[in-house]
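Here are my notes on this one, as numbered points you can follow with the structure open beside you. Take them one at a time and find each residue as you go.

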Amino acid sequence: MQILSAKNIKKSYDGTQVLNGISIEINKGEVLAIIGPSGSGKSTFLRCVTQLETVDSGEITICGETLVKNDAAGKAVYSDRASCVKIGLHIGLVFQNFNLFPHFSVLQNITEAPIRVLNKSKEEAEITALALLKKMDLSDKANAYPCQLSGGQQQRVSIARALAMNPDILFFDEPTSALDPELTGEILKVIRSLASERMTMAVVTHEMKFARDVADYVVFMDNGTIIEQGRPEQIFENTQNERTKAFLSRFNED
């Protein structure tokens, strides 16, 4: 089953083309890693798919529902607001800077959206939240506040918060970029665990070893364009593209 289909996505800011015809597909249970230098458009693509940004043109379909498509003039036309909200429920997003509510406890951070958006009872939402905290090895932090947690713990809470909405696909926008190497390991372990459970995920990452070892498919972007895409072994071990080789050269020397 195809979870995401993005076709010929274009996006510009003040006349500068940031995404230049990006096409990506993700099937149920797959892990997609999106790699590339800073400023290549990776995060912008995620923001477009998750409705934090609008596209100029192209088509995005999520779980068979069309979010946006082109009109006769080739310009993007979005579905009605109710449809966009419904489509958004298929998606979970984990930010690089956690984005937890500082005045809410860990438990409240996780239960807020299920209660308000999914109309779950407080009891039902808390049962789910506590199970997720156990999964994240944070059972003892339910009543703590974000300021009392390490960066790695905060990111694990943000992952639990996203999972509490039971999304069909989980997007990670450089989830380890704000963490030191030790805490990075914590988060990558969680994502590896989710991958082993066949959670459908798209991960924008600078962690090349993770992309090589965990992803089912890798997309390399540069200057708003997909330079190369394929299985990890193709990208990391048998690339014929000189730009990809140059980008990966430092990693391959390690």
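1. Start with the largest pocket, remembering that this is a predicted model. Its lining is made up of 19 residues, and those nearest the centre are Ile91, Gly92, Leu93, Ala113 and Met165. The space inside comes to about 620 Å³.

2. What sort of residues line the largest pocket, by class? Ten are nonpolar, seven are polar and two are charged. As for where the lining comes from, β7 (91–94), α3 (106–116) and α5 each give at least two residues.

3. Now hop over to the second largest pocket, which holds about 180 Å³ of space. Around it you'll find Lys135, Met136, Asp137, Arg156, Glu186, Lys189, Val190, Ser193 and Leu194. Sorted by class, that lining has five charged residues, three nonpolar ones and one polar one. Which element gives the largest share of the lining? That is helix α6 (residues 181–196), with five residues.

4. Helix α5 deserves a look of its own. This helix runs over residues 151–163, so look for 13 residues there. From the first C-alpha to the last, α5 reaches 18 Å, close to the 18 Å expected at 1.5 Å a residue. Is α5 mostly covered or mostly open? Mostly covered: 13 of its 13 residues are buried.

5. Pick out Ser158, which sits in helix α5. Why does Ser158 count as buried? Because its relative accessibility is 2%, and the cut-off for buried is under 20%. Setting aside neighbours within four places in sequence, Ser158 touches Val94, Phe98 and Leu100. Try a distance too: Ser158 and Ile62 are 96 residues apart along the chain, and their C-alpha atoms are separated by 22 Å.

6. Back to the second pocket for Ser193, one of its lining residues. Ser193 belongs to helix α6. With a relative accessibility of 32%, Ser193 counts as partly exposed. In sequence, Ser193 and Val214 are 21 residues apart, while from C-alpha to C-alpha they are 9.9 Å apart in space.

7. Asp137 is also on the lining list of the second largest pocket. You'll find Asp137 in the loop between α4 (122–135) and α5. Is Asp137 buried or exposed? Exposed, because its relative accessible area is 61%, and the cut-off for exposed is over 50%. Check the backbone here as well: Asp137 has a positive phi of about 60 degrees, although it is not a glycine. Why flag that? Most residues other than glycine have a negative phi.

8. Glu174 is another residue to check for phi. Its value is positive, about 45 degrees, and Glu174 is not a glycine either. Look for Glu174 in the loop between β8 (169–173) and α6. Unlike Asp137, which is exposed, Glu174 counts as buried, with 13% relative accessibility.

9. Stay in the loop between β8 and α6, where Ser177 is placed as well. How accessible is Ser177? At 40% relative accessibility, Ser177 counts as partly exposed. Along the chain, Ser177 and Asn97 are 80 residues apart, yet their C-alpha atoms are separated by 8.3 Å.

10. Next, go to strand β1 (residues 2–13), where you'll see Ser12. Ser12 counts as partly exposed because its relative accessibility is 25%. What does Ser12 contact, leaving aside neighbours within four places in sequence? Gln17, Val18 and Asp56. For Asp56, the C-alpha to C-alpha distance from Ser12 is 7.2 Å in space, with their positions 44 residues apart in sequence.

11. Finally, zoom out to the annotation. The unreviewed UniProt entry carries "domain: ABC transporter" over residues 4–248. Over those residues, 4–248, the chain is 37% helix and 27% strand. How far apart are the end C-alpha atoms of residues 4–248? They are 27 Å apart.

Conventions: Residues numbered from 1 in each chain as written. Predicted model: local features only at pLDDT ≥ 70, side-chain atom pairs only at ≥ 80, totals over all residues. Heavy atoms only, no water. UniProt positions renumbered as here; feature names shortened; annotations may be inferred. Helix = DSSP H or I, 4+ residues; strand = E, 2+ residues; numbered from the N terminus. Expected span 1.5 Å × (residues − 1). Buried < 20%, exposed > 50% of the residue type's maximum accessible area, 1.4 Å probe, protein only. 1 Å grid on protein atoms, 1.4 Å probe; cavity = no way out; pocket = protein on both sides within 12 Å on 5 of 7 lines; lining within 4 Å. Points joined across faces, edges and corners; volume = space filled by probe spheres on them. Nonpolar A, V, L, I, M, F, W, Y, C, P; charged D, E, K, R; others polar. Contact = heavy atoms within 4.5 Å.
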